[in-house]
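This report describes the chains of one model, then its aromatic pairs and its backbone exceptions. The sequence and structure come first.

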Amino acid sequence: MSFLRLQGIQKRYGPVSVINGVDIAAEAGEFVVFVGPSGCGKSTLLRMIAGLEEVTSGQVFIDGQDVTGTEPAKRQVSMVFQSYALFPHMSVRDNIAFGLKMSKVPKSEIDRQVAEAARILQMENLLDRRPRQLSGGQRQRVAIGRAIVRHPKLFLFDEPLSNLDAELRSQMRVEIARLHRDLGVTMVYVTHDQVEAMTLADRIVVLRGGKVEQIGSPQTLYDRPVNTFVAGFIGSPKMNFVAATLTGRDARTVTVAHSSLATPVRIALRDDAQTKGPSVGDTVTLGLRPEHLVLGDGPNRMILTADIVESLGGSTLIYGQTKARETMILEAPGRRTLTKGETLSVGFDAAQAYLFDATGQAI
Amino acid sequence: MASRSNGRILHGFGLLAVFAVAIFPVYWMVSSSFKTQTDLLASPPVWLFTPTLGNYAEVFADQKVTSAVVNSLIVAVFSTALAVVLGTPAAFALARYDFRGKSDLWFWFISNRFISPIALALPIYILAQGLGLLDTHLVLILVYITFILPIVVWICTDQFRSIPKELEEAARLEGASQFDIFWRIYLPLGLPGIAVSAIFGFIFSWNELLYALVLTRRDVQTAPVVATSFMSGYELPWGKIMATGTVIVLPVTIFALLVSRHMVRGLTMGATK
Amino acid sequence: MSNPARRTNPGYGRWTPFWFLAPAVVALFLIGIYPTLFALVTSLRQYNLTRSRDGFPFVGLANYQAVLSDPTFWDTLARTARFFLVVMPVEIALGLCVALLLHRPGLNFLRALARVTLVIPLATTYAVVGLLGRLVFNRDFGVANSFINLFGFPALDWLGNSAGAFAAICVMDVWQWTPFCALIFLSGLSMVPVEIEEAAKLETTSHWALLTHVQLPYLLPGFTAMLILRSADVLKLFDVVFTMTRGGPGAATELISIYIQRVGFRVFDLGTASAQALLLLVITILLARLYIRFFYREIE
């Protein structure tokens, strides 16, 4: 039995349906990330685990117990909010101690717990300050401190880093990863940032329109996305998609052609697509990651017309156009200078090419 | 450029005129309170005179005035405190809960602002007489709640609604009960709004005349009632009246200046934001 | 699906709102509604305290009949309306001018000073305003007379004649309530986005065009609010007039609240006064509904 299990979860606000039947399971100690564009229902889902949002139908299990009808406070979960939700009129110490005070823990025990949390988060010197005297990163730490003193079964994070600047964000990301390693507790983390999802998660849940698109490890999502949405969402810069035509097929492979491809490419089918899938003459989507494209090298070649070049310092993003006027991006190491309109020969390995049928499903 | 500086001069004169007109009657009252009866009755009125503290000496020696000020203070403080105690939980419920009839209830609270005191004064007079409450602090304190409570409810509801909902959710996850949330989160964070509404409550009850006139006889006459009572007899003690007026107006003016930014909000109860 | 045991949220029990609301509701009910119901009963009886030996017999709607056919009641209502029609336009016009003066950029110190001073008339104890009126409009040593003397007019016995007394209470009301209108207009003006105002100033130099085309839409909500609030206040108006004139001379300044108070507490005819008060209450509640319907943002 999984440690956290959501089963057939639905959520409606009157006639508007925001979560349409979600099933998720996570093991004890896992770091689970819900990721998706805004409005996909990821925060609602998290709030339903916390008990802050009513479940229209379905069940929530934590540690083997059905908590669907349980008060938030009795679920033994802690949550870190996007706005941190620190009590502005209380000192850091009182903020951290609030939950313990509410559950009538003896004073000496509270002091001990608060000191312990402050030590873990290295903020012993901040305990007597008010939240407004703290920087964003420090507030974040207090919010985490308030979460850990209660020794919850489950940690919930609702976009905790989105109010921080880029540098602090990556720093706090590392701290959260370290915290997860040290405490070994199950964490559920909501973000719209796929980089956070890729770097933190043991298991990623990609959501769109209140439905689960795919669940899997970061590697699985990167290597074997089930559809164009997941393929486009995971990875930066975004995967290139071009419309290609299926020109041949046998049991395990297909051949696809595109006006910019020098020669048709032979690509292996996924196991589940070998019996069904499109037939010769169908239009399919060919997906190529920018980092898999190599300028002037590789077994399969594509001819592009150069458009713009963006230098990132160590590497360069090159924007080119296919003959069908589709924009392609490729990431090349080092610095390149190109003139607009120059013809580029771009190579790739067929093993790193992705294929999707007309409905966007991976084949 | 000439017309521009003319405009500036006009603007300055206009503002000065506003200032002068707004302050003049109060200035006249305060300056009259330092005049001797002879100066007061001078025709035409004198603008320059030797000030005297005689009127104030007389006012503070008059036990009627001093006890009236104490009465006013008791009534204003207790009615305001009671309205805050009753009104803040109601405002919390209106700001945070969803229940049937909520907007009707809210309208009912607010509509008390419109009730004419004379419409309530009569039945309350009869009831108070029956209960033996006439001429007591208690009856005034209770009656004043009818106009202070709507203000407290209005301003605090507004203030409570501006408190981020995540604070409440965080507290709930930490195991706080609804009362804990009200007591430990909303009350301390809503303090500025509560203070503003309490100051309005104090001003309104301090200034009230009609109920006080009708419901008191001798023992608990409030300051406005006593000031009014000097207006009989042939030769009016103008210096004493003006000194009493000054004593009455001074505290509320200070309070009003404290909440001047919220004045319109308090008087219209948020019709204009 | 609608199994109530599973409705975990919104985190409070069905009766929780009730416990928070009950104290205020019960208090307002006992102090506000119960006496009103009592007044309703009283208004159906003959209830004259000076003739209490007769008992307080039930007389049905006789008191209402008497009130509605009492020319004095209608006169005082008409006088109250006249008072409103005199003071309101003046307060609006002056208030708008003051608001524009305060809104105009520049002279920051003077503007702040004038703005703060406006609060003083609003807070001044109404009864004291009336006492002041007595002094200011005194025939012999009032400063009002020495002011009109400056312009060559002869001294008037303001409070001794009908027109003068009515004018005097109007002046005091205008003094006290113009700041109210000014502050409402000012908050309306401050809602006009600065860019829009500046864009308009590039197009036209006419203050009038600026006012009517750019600022007016922002002033309208406040305008209607002050009309209805002030009309409710005029129906309540008692303190200033009572201390200044007691409704006199004759009935020249007897507004509705003064009249009901006289019937109730100087004649002690509580039955009739209750009927009058209830009629006034109905008028006020209608006004309140109107006001609330128009202006309050619905509490969702």
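## Chain B

Chain B exposes about 10500 Å², and carbon and sulfur atoms supply 67% of that area. The model is predicted. Of the 273 residues in chain B, 62% count as buried. Among contacts in chain B with a separation of 6 or more, 75% are between residues 24 or more positions apart.

The secondary structure of chain B consists of 14 helices and zero strands. Read from the N terminus, the order of elements is α-α-α-α-α-α-α-α-α-α-α-α-α-α. The radius of gyration of chain B is 23 Å, where a compact globule of 273 residues would have a value near 19 Å. Along the principal axes, the C-alpha trace of chain B spans about 75 × 70 × 30 Å. Chain B carries 18 positive and 15 negative charges, and the mean positions of the two sets are 7 Å apart.

## Chain C

Chain C has 13 helices and zero strands. Its elements run α-α-α-α-α-α-α-α-α-α-α-α-α from the N terminus on. The radius of gyration of chain C is 25 Å, well over the 19 Å that the globule rule gives for 300 residues, so chain C is more spread out than a compact globule. The box filled by the C-alpha atoms of chain C, taken along the principal axes, is roughly 80 × 75 × 30 Å.

Buried residues account for 54% of the 300 residues in chain C. The exposed area of chain C is about 13900 Å², with 68% supplied by carbon and sulfur atoms. Of the contacts in chain C between residues at least 6 apart in sequence, 67% join residues at least 24 apart. The 22 positive and 17 negative charges of chain C have mean positions 8 Å apart.

## Aromatic pairs

Over all chains, a search of the whole structure finds 37 aromatic pairs. One of them is the edge-to-face pair of C:F73 and C:W74, with 5.8 Å centre to centre and 75° between the planes. C:F73 is buried, at a relative accessible area of 3%, whereas C:W74 counts as partly exposed at 43% relative accessibility.

C:Y126 and C:W177 form a tilted pair, 6.3 Å centre to centre with 45° between the planes. C:Y126 lies in helix α6 (residues 126–136) of chain C and C:W177 in helix α8 (residues 162–189) of chain C, so this pair ties together parts that are 51 residues apart in sequence. C:Y126 has 22% relative accessibility and counts as partly exposed. C:W177 has 8% and counts as buried.

A cluster linked by ring pairs contains B:F92, B:Y97, B:F160, B:F179, B:F182, B:W183, B:Y186 and C:F20.

## Helix α1 of chain A

Helix α1 of chain A covers residues 42–50 and is mostly covered, with eight of its nine residues buried. The buried residues in α1(A) are A:K42, A:T44, A:L45, A:L46, A:R47, A:M48, A:I49 and A:A50. In an α-helix, residues three or four places apart point the same way, because there are 3.6 residues a turn. Just after α1(A), A:G51 takes a positive phi of about 95°.

## Backbone exceptions

Most residues other than glycine have a negative phi, and most peptide bonds are trans. A:E159 is not a glycine, yet has a positive phi of about 40°. A:E159 is found in the loop between β7 (154–158) and α5 (166–183) of chain A. With 10% relative accessibility, A:E159 counts as buried.

C:R246 also has a positive phi, about 55°, although C:R246 is not a glycine. The loop that holds C:R246 lies between α11 (239–244) and α12 (256–265) of chain C. C:R246 counts as partly exposed, at 38% relative accessibility. In chain A, the peptide bond from A:S236 to A:P237 is cis, with omega near -10°. A:P237 lies in the loop between α8 (228–233) and β11 (240–249) of chain A.

Definitions and conventions:
Residues are numbered from 1 along each chain as its sequence is written. Chains are lettered from A and ligands numbered from 1 in the order in which they are written. This is a predicted model: local features need pLDDT of at least 70, side-chain atom pairs count only at pLDDT 80 or more; totals for chains, interfaces and linings use all residues. Side-chain values use heavy atoms; hydrogens and water are left out. Helices (H or I, at least four residues) and strands (E, at least two) are DSSP runs, numbered from the N terminus. The radius of gyration is taken over C-alpha atoms; the globule rule is 2.2 Å times the number of residues to the power 0.38. Buried means under 20% relative accessible area, exposed over 50%, partly exposed in between (1.4 Å probe, protein chains only). Contact means heavy atoms within 4.5 Å. Accessible areas come from the Shrake-Rupley method with a 1.4 Å probe; for residues, only the protein chains shown count as cover. Lys and Arg count as positive and Asp and Glu as negative; His and the chain ends are not counted. The place of a charge is taken as NZ of Lys, CZ of Arg, CG of Asp or CD of Glu. Rings of Phe, Tyr and Trp (its six-membered ring) pair if their centres lie within 6.5 Å; planes under 30 degrees apart count as stacked, over 60 as edge-to-face and the rest as tilted.
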